[in-house]
Amino acid sequence: MRHAVPALSLVVLAGLSMAWPAKAGGPRLTARAGDGGFLLRSVMGRPMQGRFNSVEGRWIAQADGRLRLAIAMPAAEVDMPRHPRYTRMLRGADFFDSARHPTITFLSDPVEGDWPMHGGLLAGELVIRGVSRRERVRVEAGRCVSPRSAACVIHASGKLRRGDFGMRKFRGVVGEHVEFDLRVPMEPMS
């Protein structure tokens, strides 16, 4: 992988909840310490909820004063609660291929230091299964003054096409789009 993020214990998420955008009867997820959620839909439209049981984030300072956001999620810790067969399928060679590609990463383009306060669309390089693609995620405005002076929780969400990352199996079972919702606590930069 081109943009590996070192395995650091940076995430401490306590008592925060996350929910998919409000829709009549839409699925809801509750975050636990250091995780995030994703949603697949069956070809019949039925929601299938999954969880990233570990999400790590850190700021990377650039020489020009701007920052990059790095997020890492271990593919071997993804699961679909109450569905061990689907969990094995997600971790297996036909989806995340966690044995060969253990980490899913996102490395943002450089942003100004006060950007987390304002949020918006954030472009960067997403790597899944060793496939690197330019993607954009929506980041909600944070409640932090500056990544250099206060801890922040980055709430990132978006939608991608699994086929773009080589996950083309099970098309008769699972739809093409994957929605994701992550809350990534970021420690202040030293």
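Begin by selecting Phe-52, Met-73, Ile-128, Leu-160 and Phe-180, which, among the 19 residues that line the largest cavity, lie nearest its centre. Keep in mind from the outset that the model you are looking at is predicted. The space that these residues surround has a volume of about 240 Å³, and the structure holds two cavities of 30 Å³ or more. If you colour the lining by class, you will find 19 nonpolar residues there, with no polar and no charged residues.

**Where the lining comes from**

Now display the strands as ribbons and select E3, E6 (67-74), E8 (103-108), E9 (120-128), E11 (152-161) and E12 (177-186), each of which supplies at least two residues of the lining of the largest cavity. Which strand gives the most to this lining? E12 does, with three residues.

**The chain as a whole**

Zoom out and follow the chain from its N terminus, where the elements run β-β-β-β-β-β-β-α-β-α-β-β-β-β, which amounts to two helices and twelve strands. Of the 190 residues of the chain, 46% count as buried. Among contacts between residues at least 6 apart in sequence, 54% join residues at least 24 apart.

Colour the chain by confidence next, and you will be looking at a mean pLDDT of 77, with 77% of the residues reaching 70 or more. Select residues 1-33, where the pLDDT is below 50, although this stretch has 75 contacts in the model beyond near neighbours in sequence. Where pLDDT is low, the predicted coordinates should not be read in detail.

**The sheet, strand by strand**

Return to the strands and trace the open sheet, in which ten strands follow the order E5-E6-E8-E9-E10-E11-E12-E3-E4-E7 with antiparallel pairing. The edge strands are E5 (56-61) and E7, each of which pairs on one side only.

Start at the E5 edge, where E5 and E6 pair in the antiparallel sense over six bridges. To see one position in this pairing, select Arg-58, which stands opposite Ala-70 in E6.

Move across to E3 (residues 36-41) and E4 (residues 47-52), which also pair in the antiparallel sense, over six bridges. At one position of this pairing, select Arg-41 and look for its bridge partner in E4, which is Pro-47. E3 and E4 form a hairpin with five residues between them, and in the turn you can pick out Gly-45, which has a positive phi of about 95°.

Continue to the E7 edge, where E4 and E7 (residues 78-79) pair in the antiparallel sense over two bridges. Select Phe-52 again, this time to see that it stands opposite Val-78 in E7; this is the same Phe-52 that you met among the residues nearest the centre of the largest cavity.

**The largest pocket**

From E4, turn to the largest pocket, in which about 230 Å³ of space lies. Twelve residues line the largest pocket, and the closest to its centre are Gln-49, Met-80, Pro-81, Arg-82 and His-83. E4 gives the most to this lining, with five residues. What classes of residue make up the lining of the largest pocket? There are six nonpolar, three polar and three charged residues, whereas the lining of the largest cavity has no polar and no charged residues.

**Two residues to end on**

Select Asp-97, which is found in the loop between helix H1 (84-91) and E8. Is Asp-97 buried or exposed? Asp-97 counts as buried because its relative accessibility is 8%, and the cut-off for buried is under 20%. Show its surroundings as sticks, and you will see that, not counting residues up to four places away in sequence, Asp-97 touches Leu-90, Arg-91, Gly-92 and Arg-129.

Finally, select Ala-123, whose place is in strand E9. Ala-123 has a relative accessibility of 21%, and therefore counts as partly exposed. Leaving aside neighbours within four places in sequence, Ala-123 is in contact with Phe-106, Ser-108, Asp-109, Arg-134, Glu-135 and Arg-136. As a last step, draw a distance line between the C-alpha atoms of Ala-123 and Val-137, which are 14 residues apart along the chain and separated by 6.5 Å.

How values were computed: Residues numbered from 1 in each chain as written. Predicted model: local features only at pLDDT ≥ 70, side-chain atom pairs only at ≥ 80, totals over all residues. Heavy atoms only, no water. pLDDT = per-residue confidence, 0-100. Contact = heavy atoms within 4.5 Å. Pairing = 2+ DSSP bridges. Helix = DSSP H or I, 4+ residues; strand = E, 2+ residues; numbered from the N terminus. 1 Å grid on protein atoms, 1.4 Å probe; cavity = no way out; pocket = protein on both sides within 12 Å on 5 of 7 lines; lining within 4 Å. Points joined across faces, edges and corners; volume = space filled by probe spheres on them. Nonpolar A, V, L, I, M, F, W, Y, C, P; charged D, E, K, R; others polar. Buried < 20%, exposed > 50% of the residue type's maximum accessible area, 1.4 Å probe, protein only.
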